[in-house]
Amino acid sequence: QFQEIPVQGIKGQKDCPHVSFRGWWEPGTQYDIFFGGNRIGQARAQRRMLGAYDCSALCVVSVETKVGLAHGGRKDSRLGFNQAGRFDETMAQFVAMSSSAPQTGFQTRPAGVVSKDVRRAISRFAISRLRENSGKLDASAKVTIKRLQVFVSSPDGERHAFVQAVQEGPNDQVKVITAVMLIRRDGFPEPLFDLVSYGDTDTGAASYEFLDALDIDGDGRSELVTIYHNYEFHEFHILRFDGKLYEVVHKGPSYGC
């Protein structure tokens, strides 16, 4: 867990302002590490420090853990550039929660392989939303499904899917959709949340990145841990299902140039 400090304070900043997460104030705080909705290990808070990431000064805590890259993790590779030239940044991300967090006995789990008909139906939905009001993009421009993550979201076996799709147009223009969908027992998908935005290959387009789905608040349903991306701005968002739709219930911390 970390907290952003205004970028103007990076050079002269010597310490972090008050932060609320236990690991900062209590070295030795134990965290459970999750991946794919399952607890895969633990981490113990150790040294706290002031770090810099994406032009933001961050209050960070190093941890002792046996969980490493061999456990998988959500891997992300991003290309960028700075005064030294271009760089290739690779990260492996996990979600960690305090071991004292509420427990319900329900663990989110991947739903496994979905049928071709379900994949087709989800693809059709994404394509139809992207081709609505195409603007400068030709409605017939190619649409590519970049991410399809299906998970069991409740003890009764309800399946939800996170999907991201991109439509590429001329002059490096793009249109992106990120959505969460209910997969009905008859296989027909129903949208529960979506965001459609324009952009280009240099600045990107507003979209969500899926990190994990797990029951954070102990209500027996999965919340989604995501990162909201926009040009030079990134912010952690938690989405909660209210029985009808997903809504953003937490924002932050944020980082970027």
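Strands S8 and S9 pair in the antiparallel sense, over 2 bridges. One of the positions that ties them together is Pro110, whose bridge partner in S9 is Phe151. The model is a predicted one, and every value below is computed from it.

This pairing belongs to an open sheet of 5 strands, in the order S8-S9-S10-S11-S12, with antiparallel pairing. Which strands stand at the edges of the sheet? They are S8 (109–110) and S12; each has a single partner strand, so one side of each is left without a neighbour in the sheet.

Further into the order come S9 and S10. Strand S9 covers residues 143–152 and strand S10 covers residues 159–168; the two run antiparallel and are joined by 9 bridges. Two positions can be picked out along this pairing. Thr144 stands opposite Val166 in S10, and Val152 has Arg159 in S10 as its bridge partner. The hairpin of S9 and S10 has 6 residues between the strands, and in it Gly157 takes a positive phi near 90°. As a general point for reading any such sheet, side chains in a regular strand alternate between the two faces of the sheet.

A helix also belongs to this picture. Helix H2 (residues 116–131) packs on the sheet and touches S9, S10, strand S11 (173–183) and S12. The direction of H2 makes about 135° with that of S11. The length of the helix can be checked with simple arithmetic: at 1.5 Å a residue, the 16 residues of H2 should span 22 Å, and its end C-alpha atoms are 22 Å apart, which agrees.

Which residues of H2 are buried? They are Val118, Ala121, Ile122, Phe125, Ala126 and Leu130. Seen down the axis of H2, the buried residues fall within an arc of 170°, so they line one face of the helix. What covers these buried residues includes S9, S10, S11 and S12. The face of H2 turned away from its buried side carries the exposed residues Lys116, Asp117 and Arg124.

The aromatic residues give another way through the structure, which holds 7 aromatic pairs. In one of them, the ring centres of Phe193 and Tyr208 are 5.6 Å apart and the ring planes are at 75°; planes over 60 degrees apart count as edge-to-face, so this pair is edge-to-face. The pair links distant parts of the chain, since Phe193 is in strand S12 (residues 189–200) and Tyr208 is in strand S13 (residues 207–214), 15 residues apart. Both rings belong to buried residues, because a residue is buried under 20% relative accessible area: Phe193 has a relative accessibility of 18%, and Tyr208 has 8%.

A further pair is made by Tyr228 and Phe233. Their ring centres are 6.4 Å apart and their planes are at 65°, so this pair is also edge-to-face. Here Tyr228 counts as buried at 18% relative accessibility, whereas Phe233 is partly exposed, with a relative accessible area of 31%. Phe193, Tyr208, Tyr228 and Phe233 form one aromatic cluster.

One more aromatic residue is Trp25, which lies in helix H1 (residues 22–25). Is Trp25 buried or partly exposed? At 45% relative accessibility, Trp25 counts as partly exposed. Trp25 and Arg48 are 23 residues apart in sequence, and their C-alpha atoms are 8.7 Å apart in space.

Conventions
Residues are numbered from 1 along each chain as its sequence is written. This is a predicted model: local features need pLDDT of at least 70, side-chain atom pairs count only at pLDDT 80 or more; totals for chains, interfaces and linings use all residues. Side-chain values use heavy atoms; hydrogens and water are left out. Rings of Phe, Tyr and Trp (its six-membered ring) pair if their centres lie within 6.5 Å; planes under 30 degrees apart count as stacked, over 60 as edge-to-face and the rest as tilted. Helices (H or I, at least four residues) and strands (E, at least two) are DSSP runs, numbered from the N terminus. Buried means under 20% relative accessible area, exposed over 50%, partly exposed in between (1.4 Å probe, protein chains only). Two strands pair if DSSP finds at least two bridges between them. Contact means heavy atoms within 4.5 Å. Axes are lines fitted to C-alpha atoms, for helices over the stretch in contact, and angles run from 0 to 180 degrees between N-to-C directions. The expected span of a helix is 1.5 Å times one less than its number of residues. The arc is that of the directions from the helix axis to the C-beta atoms.
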